[in-house]
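Subject: Structure handover

Hello,

Here is the structure you asked to take over. Please open it beside this email and look up each residue as you read.

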Amino acid sequence: MTPLLIPTKHPDSDRVFALRRYFIGFLFVLIFVLLDRTTVYLQILPGISAWYPPVGIALALLIGMGPRYAPLYWLAGLIAARVNYHQPYFSYIFLPGNLLDFGTYTILAIVLRRVFKLDWRLTSIRDVMVLSFLALPLSGIAAFLASLTLVFDHVIPWSGYVKASLDWWIGDAVAIACLTPFCLVLVMPVMRRFAGLPQTAADIESASTDRNVHEAQGYRRAIESVCFVGALVGSLWLALGPRSASNQNMFYVFFLPIVWIAVRRGLRGAATGILMLNIGIVLSLQFSGGDPSRFAVLQLVMLVLSLTGLILGTLISARDRTEKQLSQEEERMRLLLGSVGEAVYGVDGNGDCTFCNAAFLRHIGYPSSQALLGRNIHDVIHHTRADGSPYPWTECVLRNALLAGEKVHLPNELMWSSSGQSFPVELWSSPLIQNGRVAGAVVIFTDITERLCTEESLRLTKEAAEAANRAKSDFLANMSHELRTPMNGILGMAALALDTDLSAEQREYLGMVKSSGESLLSLLNDILDLSKIESGKLELEITNFSIEDCIEQAFQPVTPQAQEKGIGLVWDATGVPPLVRGDQVRLRQVLINLVGNALKFTKKGEVTIFAELSNQTESTMRFHFTISDTGIGIPQDKQRKIFEAFAQADMSTTRRYGGTGLGLSISERLVKLMNGRIWLESEVGQGSKFHFEVSFLPADRQSIRPDPDDRAIPEQHLVLIADDNPVNLKMLKRVLSEWGVASVTALGGFEALDIFREHSLRSVVFSAALLDIDMRDLGGMQLPKLIAASAAATQVIVMLRSPLDNERANECKRLGIFTILKPLRRLALLQVLRSQKGLPPVASTSPPSSFSTPTDKISSNVALRILLAEDNIVNQRLISRILEKMGHTVVVARDGVDALAILSRQQFDLIAMDMQMPVMDGLEATQKIRLSELSSGRHIPIVAITANAFEDDRRKCFEAGMDGYVVKPVSAKAIGDEVGRVMALFNQAQPETVQNESR
């Protein structure tokens, strides 16, 4: 994208520019109506003009100033239709016909600007060809359609429809080929500056290169211009003068002055000459009494003449612009070579010096390059090794690289100055390849004496910096605790308030408060994770888990965002065992971070996760994950930076897309913690691929459930799968194969329909058909309806990217079509396949994970007496209210001492304990409670509700005797799930107690 160059504006400049834009709009309407009026006066034949200039200026305005001026175009056209042609309001031509014509050119301008990225300055032959070969056919379509309205209004008979349409089209085409380029090239730059539109670097460069380098200057230019006008007038006299009627072959003379002007003045001159010549032709036909029968030929001549001059002028301007740019580039390279700080020299194939810059001469102590040119540079600066022994040219690394045509980088090499002093340098050598042969090399080196001196000091300060970094992480952890406590009140109270009767405005405000608090909490969690890693307090939790389940779970939190943006989420795994041993929570966190980052920078397309087993030994298994997207891509020089904390590719990305830049940094450190590595492949505009490899241990077992038949799908014989995404297609076929289900795949809707019909002819029935609703060919409900309506007893299952609206959902229900949302989860697919056979739904086939915590439904429905130990008044109110809304009875204690006193007088089913409280904290209070239970034999479940979020804090809670752990800020779901889990475990340990309490 061309960068905008926005000048500093006066405070009142916006108002002035707004008034100027209104003036431009008024002036456009006035000129449009007047030009339209001239076509009435300058009709060559009754009702027909040689051209229609209003179309030319209107299209130029829409292309150069933007489609926002389309309403003015429509208004001007309707005024002209009424004032100049007296068209009735209630006629086909006035509203439908004119709006059809105006709408066609508005759409044309939008397509040219947004689809074909037309440069309104017409700086290249591509721009001219796109404008010509798109605008001219569309103008013909508009003319033929608009002419129909004249027939419907009985203005012209059906017999004259084709001729009227052709005359209309030729008139518009001549104006587009003649007047539109003139306005774009000569008028539009002035209008855009007058309107205060921001200028780009391309605008300034185009303005600086508009003048043809071969043009005459001064009085010669004036004389040449007079000659141009004389040539134009002469060609008009020869072709359309009094004696031209007898010679029909004189039209070619029009091309001579246009070619001359184009060669001398480029596109600007050609556009001006074409306009003048076409005006002359129209006036000559009107006032010279020429033969009207030649009108059709002249119209075509005007069109061909305009296109010829336009293309020739563009080629000449492009040539001159290229010559000027090459000249500027040569000058720039000369200045760059002379001003660069590094020493640069070149050698030929024999190692003799061909050029050098000032920095090179300064380093080696030579006053000028004359004494070095033609000499073997190795003998001048590279002749001796560090130990003082000679360094022959035949043994030089640079010589060998030169002969082999290879690049070489020497991080620490020794050079010698003319005074005999040596100095260390870092050196790069690149070969010069000409016509497939090595013509020499360019060598760049920089003096690294100071750098070597500073490396030692850097090494000495590294430990101090690491210690400071750990201190910073500890500070962030403490700050996190202090922030979580008030945030708990903000989020919790906002959630409680949203459950009450509120006005729409109050609900909107509280929703904003809750959303902002959740964003702050997400940032705080990222900072806390970073501080955990940097302080060395993050430990991996090793359990058996399924990598495929982990991928499915990683998609869950980002699915709403993907559905909102219309981006597909797909995944597949190759060679991955059912279970491995590792930290599934941290693997899922890395996947969520990378997928979330991909979604942030992707506007359309898809995000894909692919996992495969890359290496395996007896003790470890190494897996390769790839997260690819179709987003904006990352420049090569920014790819390392994005893994730094609080960094993104550049600050403009931060402003445009948001984010803190912590996600990728945390992901990189988690991958390293799991003995892996992460890297990136990306090109700007081509999307990105994030790769990482991690190592896991073989699982204790490889069966996800003890009963392998639980995955079986009875009565499934053959399934048809249709999807235009090959990754999704491959994954579905693999999963069905693992379940023992045969399948046939189709990469698209039409292919699926052909396969279905072919099998039907062979009396082969598909038991089910998995169909993607978003296929490009035969998408939507067409294919599901066709298969559902067939005689075959095939159950149709539609895969959706987002939920259906009520109408389509009711239609699916009426047709007996099942639906399943993407990204596909194997459990959901299994349940749909089983339910369509009338079988009961199955339980999850995935091993338990920390992503969802099992709860006991009976326990969660039982009202409990809960003692809440919390010193913060806001948190007391919040947690009490959450628990009371669940049906529990809550008694509040302000600290650990108060909790012990209340517990000595009353009986409770559960204790919710804060860790940090005055007088006595939660850990000490829990220890005293557990000591007292040694004599009573009763165990009271205790759940920690704390802002301490480190793993050490969790371990301390369980070591003190607590049964559960909830991190602030709390939510009703988090508290409910943890209380349900703890009470379920407690009830399983004491079944008799549960029964008694239930009774």
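Below are notes on a sheet, a hairpin, some charged pairs and some aromatic rings. Please keep in mind that the model is predicted.

**The parallel sheet**

Start with the open sheet of five strands, whose order is β18-β17-β19-β20-β21 and whose pairing is parallel. Which strands stand at the edges? They are β18 (742-746) and β21 (818-821); each has a single partner strand, so one side of each lacks a neighbour in the sheet. From one strand to the next, the twist averages 20°.

At the β18 edge, five bridges pair this strand with β17 (residues 718-722) in the parallel sense. To find the register, look for leucine 720, whose bridge partner in β18 is valine 744. Helix α22 (residues 749-761) packs on the sheet and touches both β17 and β18. The direction of α22 makes about 135° with that of β18.

**Strand β5 and its partners**

Next, go to strand β5 (residues 343-348). Five of its six residues are buried, so the strand counts as mostly covered. β5 pairs with two strands that you can check in turn. With strand β9 (residues 437-447), the pairing is antiparallel and runs over six bridges; here valine 347 stands opposite alanine 441. With strand β6 (residues 353-356), β5 also runs antiparallel, and three bridges join them. In that pairing, glycine 346 is opposite phenylalanine 355.

β5 and β6 form a hairpin, with four residues between the two strands. Glycine 351, in the turn, has a positive phi of about 85°.

**Salt bridges**

Side chains of opposite charge can pair when their charged atoms come close. The structure holds 35 salt bridges, and three examples follow.

Arginine 459 pairs with glutamate 456, with 2.7 Å between the closest N and O atoms. Both residues belong to helix α14 (residues 449-498), where they are three residues apart, about one turn of the helix. Arginine 459 is partly exposed at 46% relative accessible area, and glutamate 456 is partly exposed at 41%.

Arginine 622 and glutamate 693 form another salt bridge, their closest N and O atoms being 3.2 Å apart. Arginine 622 lies in strand β14 (residues 621-629) and glutamate 693 in strand β16 (residues 688-698), so this pair ties together parts that are 71 residues apart in sequence. Are these two residues buried or partly exposed? Arginine 622 is partly exposed, with a relative accessibility of 21%. Glutamate 693 is buried, at 14%. The cut-off for buried is under 20%.

Lysine 973 and aspartate 977 meet in a salt bridge of 2.8 Å, N to O. The two are four residues apart in helix α31 (residues 972-989), so about one helical turn separates them. Lysine 973 is exposed, with a relative accessible area of 62%, while aspartate 977 is partly exposed, at 25%.

There is also a network to look at: salt bridges with shared partners join Glu548, Asp549, Glu552, Asp572, Arg734, Glu738, Arg825 and Arg826.

**Aromatic rings**

A pair of aromatic rings is described by the distance of the centres and the angle of the planes. The whole structure has 18 aromatic pairs. The rings of phenylalanine 28 and phenylalanine 32 have centres 5.8 Å apart and planes at 55°, so this pair is tilted. These two residues are four apart in helix α1 (residues 13-41), about one helical turn, and both are buried.

Tyrosine 345 and phenylalanine 360 also make a tilted pair, with ring centres 5.0 Å apart and planes at 45°. Tyrosine 345 is in strand β5 and phenylalanine 360 in helix α11 (residues 358-364), so the pair ties together parts 15 residues apart in sequence. Tyrosine 345 is buried, with a relative accessible area of 3%; phenylalanine 360 is buried as well, at 0%.

Ring pairs also link Tyr92, Phe144, Phe152, Trp158 and Tyr161 into a cluster.

Finally, look at two arginines that lie over rings. The charged end of arginine 82 sits over the ring of tyrosine 89, 4.4 Å from its centre. Arginine 677 lies over the face of tryptophan 679, 3.9 Å from the ring centre.

Regards

Key
Residues are numbered from 1 along each chain as its sequence is written. This is a predicted model: local features need pLDDT of at least 70, side-chain atom pairs count only at pLDDT 80 or more; totals for chains, interfaces and linings use all residues. Side-chain values use heavy atoms; hydrogens and water are left out. Two strands pair if DSSP finds at least two bridges between them. Axes are lines fitted to C-alpha atoms, for helices over the stretch in contact, and angles run from 0 to 180 degrees between N-to-C directions. Contact means heavy atoms within 4.5 Å. A salt bridge is a side-chain nitrogen of Lys or Arg within 4 Å of a carboxyl oxygen of Asp or Glu. Buried means under 20% relative accessible area, exposed over 50%, partly exposed in between (1.4 Å probe, protein chains only). Rings of Phe, Tyr and Trp (its six-membered ring) pair if their centres lie within 6.5 Å; planes under 30 degrees apart count as stacked, over 60 as edge-to-face and the rest as tilted. A charge sits over a ring if NZ of Lys or CZ of Arg is within 6 Å of the ring centre and within 35 degrees of the ring normal.
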